[in-house]
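Please look over the chain shown here before reading on. The report takes up the overall fold, one strand in its surroundings, the ligand shell and a loop residue.

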Amino acid sequence: MLKIHYLTCSKPLLCLTFAAKYTYMSNRTFTMIKPDATSKGHTGAILDQILKAGFSIKAMKWIQLTEKQAGLFYDIHRERPFFQELVDFMSSGPIVAAVLEKENAVADFRTLIGATNPAQAEEGTIRKRFAASIGENAVHGSDSDENALIEADFFFSKLERY
Ligand code: CMP
């Protein structure tokens, strides 16, 4: 029997694999610099702000999503009224996808980017500086460790991260 935190596990190998996978992501988050920001030439300034905030880049790629890929990435929002608008926008131009590392990465990154709606974002946050609207809001940041891992897996193989 193996104990991981409060869990008691009858299959140690399986549980260790699970724990390693999730522990691995706990100081990491996933981000995309969205098509509005890349097309306006804000990529460098946004990356600069991310690095100055203490994040390090563990994986990165410049890529244009197809409509199908954008729909799959945002599948959780499929029933929302803005889903098609979101898919059209996210496949309209290139994005930068990246895995970032820092202690408390998910929460600290969400603080750095500010509220989803830039009108409600704090002064100095990435969305306040670079985003125009709730739909075209310059950057994405994962909302949990679990989603950070799922989203990183969507874009990157193990070989493409370090
Ligand atoms: P993001 O953090 O990438 O996660 C889901 C995205 O859906 C969000 O940023 C916004 O860009 C978008 N979104 C959320 N709410 C709305 C809305 N009311 N209208 C249009 N887009 C939205």
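What follows is a short report on this chain, under four headings.

## Overall fold

The model is predicted, and its chain holds eight helices and six strands, which follow one another along the sequence in the pattern β-β-α-β-α-α-β-α-α-β-α-α-β-α. Of the 162 residues in the chain, 31% are buried. Among contacts with a separation of 6 or more, 68% are between residues 24 or more positions apart.

## Strand 3 and its partners

Strand 3, which spans residues 28–33, is mostly covered, with six of its six residues buried. The cover extends to both faces, since Arg28, Phe30 and Met32 are buried on one side and Thr29, Thr31 and Ile33 are buried on the other.

Strand 3 pairs with strand 5 in the antiparallel sense over six bridges, and in this pairing Met32 stands opposite Ala97. Strand 3 also runs antiparallel to strand 6 (residues 139–141), to which three bridges join it; here Ile33 stands opposite Val139.

## The ligand shell

The residues that surround the ligand are His77, Phe82, Glu85, Leu86, Thr116, Ile134, Gly135, Asn137 and His140. By class, this shell comprises three nonpolar residues, five polar residues and one charged residue.

## Glu103 in its loop

Glu103 lies in the loop that runs between strand 5 (95–101) and helix 6 (105–113). Glu103 counts as exposed because 9 other C-beta atoms lie within 10 Å, where the limit for an exposed residue is 12 or fewer. Although Glu103 and Gly54 are 49 residues apart in sequence, their C-alpha atoms are 9.1 Å apart in space.

Methods: Residues are numbered from 1 along each chain as its sequence is written. This is a predicted model: local features need pLDDT of at least 70, side-chain atom pairs count only at pLDDT 80 or more; totals for chains, interfaces and linings use all residues. Helices (H or I, at least four residues) and strands (E, at least two) are DSSP runs, numbered from the N terminus. A residue is buried if 20 or more other C-beta atoms lie within 10 Å of its own, exposed if 12 or fewer, and partly exposed in between; C-beta atoms are placed from the backbone. Two residues are in contact if their C-beta atoms, placed from the backbone, lie within 7 Å. A residue is near a molecule or strand if its C-beta atom, placed from the backbone, lies within 6 Å of it. Ala, Val, Leu, Ile, Met, Phe, Trp, Tyr, Cys and Pro count as nonpolar, Asp, Glu, Lys and Arg as charged, and the others, Gly among them, as polar. Two strands pair if DSSP finds at least two bridges between them.
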